[in-house]
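Student: Could you take me through the aromatic rings in this one, up close? I'd like to know how they pair up and what sits around them.

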Amino acid sequence: MRVLNLEDDVTKHNNICKVLKRYGFIRIDWAKNLEDGMELIKNSMDCSDPYALFVTDMYYPLVRGGKEEKAGELFIASIKELNIDTPIIVCSSVRYRIPDILGTVYYSEKIDWENELRGLIKKIALAIPKHKCYTNYS
């Protein structure tokens, strides 16, 4: 199963990957801007190898070399507009409540954000047929 992480901070990306890999998500693609992320999604669909999960920050550039913007909102809107039903997790250093996504994680070194992310990953794992899982999620 593939995961796309839309995040412009290398440390945060690596921390998120550590948690995802513990739960069997070993194919993790990384987009540092919205444009590259949408291109990766298009390519995955064209190759009939879609993503099982999107993890997105809320603030990152729209294009390569661009300034940080509220790209996460545009990403979520684009996914909905394209009728892609892949679960979305927002992982941000700002607390959000966003309807119609799998959930949000408040990313802060002062709290156990990893446990929040694990809880959301478990929700996905329970919905994925066992023949598509890399590990046992129980």
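**Aromatic pairs and their surroundings**

Tutor: Sure. Searching the whole structure turns up three aromatic pairs. Keep in mind that this is a predicted model. Let's start with Phe 54 and Phe 75: their ring centres are 5.4 Å from each other and the planes make an angle of 85°. That angle is over 60 degrees, so the pair counts as edge-to-face. Phe 54 belongs to strand β3 (residues 51-56) and Phe 75 to helix α3 (residues 71-81), so this contact ties together parts 21 residues apart in sequence. As for exposure, Phe 54 has 1% relative accessibility and counts as buried, while Phe 75 is buried too, at 0%.

Now for another pair, Tyr 107 with Trp 113. Here the ring centres are 4.7 Å apart and the planes sit at 50°, so this one is tilted. Both Tyr 107 and Trp 113 are buried.

Back to the Phe 54 and Phe 75 rings for a moment: together with Tyr 51, they make up one aromatic cluster.

Then there are the charges. Tyr 107, besides its ring partner, has Lys 12 lying over its face, 5.1 Å from the ring centre. You'll find a similar kind of arrangement at Trp 30, where the charged end of Lys 32 sits over the ring, 4.6 Å from the centre.

Notes: Residues numbered from 1 in each chain as written. Predicted model: local features only at pLDDT ≥ 70, side-chain atom pairs only at ≥ 80, totals over all residues. Heavy atoms only, no water. Phe/Tyr/Trp six-rings, centres within 6.5 Å; stacked < 30°, edge-to-face > 60°. Helix = DSSP H or I, 4+ residues; strand = E, 2+ residues; numbered from the N terminus. Buried < 20%, exposed > 50% of the residue type's maximum accessible area, 1.4 Å probe, protein only. Lys NZ or Arg CZ within 6 Å of the ring centre and 35° of its normal.
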